Amino acid sequence: KRLRSILGGKAEAPSGLDLVTETNLAASWHSAHGKIDDLGRLVKRAEKFVSSSSEDIDNVVPYESAIRFLIQSAGSQPAHLIEADRMMKSLYSKSRDGSRSVSFRTLNDLLGHIVTAWARCRLDSVRPLSVKTKGNSQTTRDNDSTYAIPADAAESWLRLWVDYVQIRNEQSSKTEEDSLALGPGALVFGACIDAHAKSRKRGSADRAEQVLEWLIGLGRNTPVDIRGNWAPPQPNAVMLTSVVDAWARTAHNNREAVRNAEHWLATMEENYFDKGMLESKPSAIAYTAVIMAYSRRGGSCSRRGGGRRTYNYEPDVISDAEKAEDVLLRLLERNETFLQQTEAKDAGAGEAIRPSSLVELDVNVLNALIDCWARQ
């Protein structure tokens, strides 16, 4: 009550009272008791108090504590992400214009949390929190048209984070040595790509591919710094498989989907088998996805009256089932070559081999191929 009166301008702060500590303690208490409405009101009172004060006391607003709680509780209350996003934007803006001192380590930590929280949200959209009006009806905190697309929000924050890190790298002489390497890692990029890949929004496969290509471009254009500045992570099998799966899911209504899925699977094969990039090792999931893409596309066919599908068998045209089978045969050939090279190496002949292990098959790959032939 005392803090509410001080922030509301109804009482003077006693001598020796540390408002920064008091507001953070209050935020922690509200968080511990799940009082989201009281937490939001506390932040807004503190923001209003700071804006009306002539002193430099911006740290009074407990953004960090509030953002962490809102993100932690977003699993059961996705609307909390809207509030966390709003507070994060305020904190980031103030840290950039110098009106609030935030260590890069703290900001880096919060950016990682906000990106992964949005990326893990599997809803098509998230609307703001609802509050009760005097008439006991429900309304939203903001306009009803205000909502967020989780995958888009995750990508937006990730791009902003990378821009911020790159600017920091350019000013590395002013950065603490132990913070130079901080920045988004493979897990964050993978989560963002997977968010688009799993989204039901139209064009989601293309968006997932764009994020992957952006990461590849970052790696190509970011120079190696001897001081140990942040460098973008290498695309790994998880990211590539997400894009393969995203394209495979759209094969029933996109004729280019299979070609795109094949392209990224071939990239994984080249990186692993030919270049020895262990992080790009393809899995049975990737092969199953490509084979299922051919199955979903349904082979060479035409539709006739009544929407019934009839197949036009053309002996001189390679069917989708044959192309799907070629994907599996290609893998078996790669594995056979690996075994031959392993035997040659064990016998003391032959050169060192690049891949470290076989790509193991599972029953899903074979089931997908059987399904593809059955549909054909």
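Hi everyone, this is a short walk through one chain, from its overall make-up to its helix pairs and a few single residues.

First, the ground rules. This is a predicted model, where local features need pLDDT of at least 70 and side-chain atom pairs count only at pLDDT 80 or more, while totals for chains, interfaces and linings use all residues. Residues are numbered from 1 along each chain as its sequence is written, and side-chain values use heavy atoms, with hydrogens and water left out.

Let's start with the whole chain. It holds 14 helices and four strands; these are DSSP runs numbered from the N terminus, with helices being H or I of at least four residues and strands E of at least two. Of the 376 residues, 45% are buried. Buried here means under 20% relative accessible area, exposed means over 50%, and partly exposed is in between, using a 1.4 Å probe and protein chains only. Now for contacts, which means heavy atoms within 4.5 Å. If you take the contacts between residues at least 6 apart in sequence, 65% of them join residues at least 24 apart.

Next, the core. Which residues have the most contacts inside the largest nonpolar core? They are Ile67, Trp118, Leu158, Phe189 and Ile291, in a core of 103 residues. A nonpolar core, by the way, is a set of buried Ala, Val, Leu, Ile, Met, Phe, Trp, Tyr and Cys residues joined through side-chain atoms within 4.5 Å. As background, nonpolar side chains in soluble globular proteins tend to be buried together.

On to the helix pairs. A word on geometry: axes are lines fitted to C-alpha atoms, for helices over the stretch in contact, and angles run from 0 to 180 degrees between N-to-C directions. Angles under 35 degrees count as roughly parallel, over 145 as roughly antiparallel, 65 to 115 as roughly perpendicular, and the rest as oblique.

Take α2, residues 19-32, and α3, residues 36-52: they pack at about 160° with axes 9 Å apart, so the two are roughly antiparallel. Their crossing is left-handed, meaning that the near helix is turned anticlockwise from the far one by less than a right angle; clockwise would be right-handed. On the α2 side the contact uses Leu19, Thr23, Ala26, Ala27, His30 and Ser31, and on the α3 side Asp38, Leu39, Leu42 and Phe49. That contact divides into six nonpolar, three polar and one charged. For those classes, Ala, Val, Leu, Ile, Met, Phe, Trp, Tyr, Cys and Pro count as nonpolar, Asp, Glu, Lys and Arg as charged, and the others, Gly among them, as polar.

Then there is α7 with α8 (residues 186-198), at about 150° and with axes 9 Å apart. This pair is therefore roughly antiparallel, and its crossing is left-handed. From α7 come Ala151, Asp152, Ala154, Glu155, Leu158, Trp161 and Val162, meeting Val188, Phe189, Cys192, Ala195 and His196 of α8. By class, that is nine nonpolar, one polar and two charged. You may recall Leu158 and Phe189 from the list of core residues with the most contacts.

How do α11 and α13 run relative to each other, parallel or antiparallel? Their axes come within 12 Å and cross at roughly 5°, so they are roughly parallel. Here Glu262, Leu265, Glu269, Phe273 and Asp274 of α11 meet Val327, Arg330, Leu331, Arg334 and Asn335 of α13. The classes are four nonpolar, one polar and five charged.

Finally, some single residues. Val165 sits in helix α7, residues 150-170, and counts as buried because its relative accessibility is 0%. Beyond residues up to four places away in sequence, Val165 touches Phe104, Leu182, Gly183, Pro184 and Trp230.

Asp85, in helix α5 (residues 80-97), counts as buried because its relative accessibility is 9%. Leaving aside neighbours within four places, Asp85 contacts Ile114, Trp118 and Trp157.

Ala321 is in helix α13 and is buried at 0%. The C-alpha atoms of Ala321 and Ile291 are 8.3 Å apart, with their positions 30 residues apart along the chain. With the four-place neighbours set aside, Ile291 contacts Ala324, Val327, Leu328, Val365, Ala368, Leu369 and Cys372, while Ala321 contacts Leu369, Cys372, Trp373 and Gln376.

Last stop: Leu278, in the loop between α11 and α12, is partly exposed at 46%. Thanks for listening!
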